[in-house]
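Work through the exercises below with the sequence and the coordinates open. Each task is followed by a stepwise solution.

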Amino acid sequence: SSDLRNKRTRIFHTHTHLILLVHQLRRRASQPPRESRAMPIEVLLNVYDLIQQTPICCGFFHTGIEIFGVEYYFAGGGGICDCEPKCAADGRFRQSILLGSIASTSVARSAMDALRSEFHGNAYSLIFKNCNDFSSALSRALFGKDIPGYINRLARLGRAWPIRLCLPRHLQAGGDGARSPRDPLLRNSAPPAPLFQGQGQSLRGSSEGGGGLLGNLAGRFSNRLAPGGQAGGSGEHDGEARRSE
């Protein structure tokens, strides 16, 4: 009887263990994948100064979006690019602003893929579609909110009427063919051509620099002089001939 009792006890424990194992397997099957249960990923807005400034309500800024150790930004000719965080080449890092958190990097990739057709390389414009506009669009796609307004306020003022009518011609473009971000804001005009150039004849008949209009006039005047350099010889001779007659 003791052997039978021991056998029943072992069977009972084995059966209980199997039931617990089945429950554990069912619980694991009902849970989401481990990747989606990972720690949330912070999304940062990295802000750079483009000039030495003490901004109050606006300023000249460059921005990029940092996600999981990679910074994404928008540039002319390249479209959506990436770089090492807080190391943009054309600016001095100012601060990072926490925009929110996402569950995985795939969420960010999907949002950026949806924006690539709008923010392609030829679409860049310093006033109408710049790096801050991309940061704003990506923030709205991920979190439904904009970046701080002071960051891109100068560009938005430039788009307003009638200020946009006063912009230089190369800054008035709002799409394809817009300037590269490497170009200067104001293009240098060609140096004016000198008013007087070339060589002409002096009153004494020698060739001197500084011609042009003055040189031509001097040359014509010197050609009318009598041989030997006497300006009025022929005129006086004709006068005397007339008086003798």
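The exercises concern a predicted model and go from the whole chain to single residues.

**Exercise 1.** State how many helices and strands the protein chain has, and give their order.

Solution. Step 1: the count gives six helices and seven strands. Step 2: reading along the sequence yields the pattern α-β-β-β-β-β-α-α-α-β-β-α-α.

**Exercise 2.** Describe burial, contacts and surface of the protein chain.

Solution. Step 1: the protein chain has 245 residues, of which 29% count as buried. Step 2: take the contacts between residues at least 6 apart in sequence; 56% of these join residues at least 24 apart. Step 3: the exposed area is about 17,000 Å², with 55% of it supplied by carbon and sulfur atoms.

**Exercise 3.** Which residues form a nonpolar patch on the surface together with L18? Locate L25 and classify it as buried or exposed.

Solution. Step 1: L21 and L25 join L18 in the patch, and together the three have about 280 Å² of accessible area. Step 2: L25 lies in helix α1, which spans residues 2-30. Step 3: the relative accessible area of L25 is 52%; the cut-off for exposed is over 50%, so L25 is exposed.

**Exercise 4.** Find how many disulfides the structure has, then check C83 and C166.

Solution. Step 1: the search of the whole structure returns zero disulfides. Step 2: for C83, the nearest cysteine sulfur belongs to C87 and is 7.1 Å away; a disulfide needs the sulfur atoms within 2.5 Å, so C83 is in none. Step 3: C166 has a relative accessible area of 67% and is therefore exposed.

Terms used
Residues are numbered from 1 along each chain as its sequence is written. This is a predicted model: local features need pLDDT of at least 70, side-chain atom pairs count only at pLDDT 80 or more; totals for chains, interfaces and linings use all residues. Side-chain values use heavy atoms; hydrogens and water are left out. Patches are made of residues with over 30% relative accessible area and no salt bridge: like charges are joined within 9 Å, nonpolar side chains (Val, Leu, Ile, Met, Phe, Trp, Tyr) within 5 Å. Accessible areas come from the Shrake-Rupley method with a 1.4 Å probe; for residues, only the protein chains shown count as cover. A salt bridge is a side-chain nitrogen of Lys or Arg within 4 Å of a carboxyl oxygen of Asp or Glu. Helices (H or I, at least four residues) and strands (E, at least two) are DSSP runs, numbered from the N terminus. Buried means under 20% relative accessible area, exposed over 50%, partly exposed in between (1.4 Å probe, protein chains only). Contact means heavy atoms within 4.5 Å.
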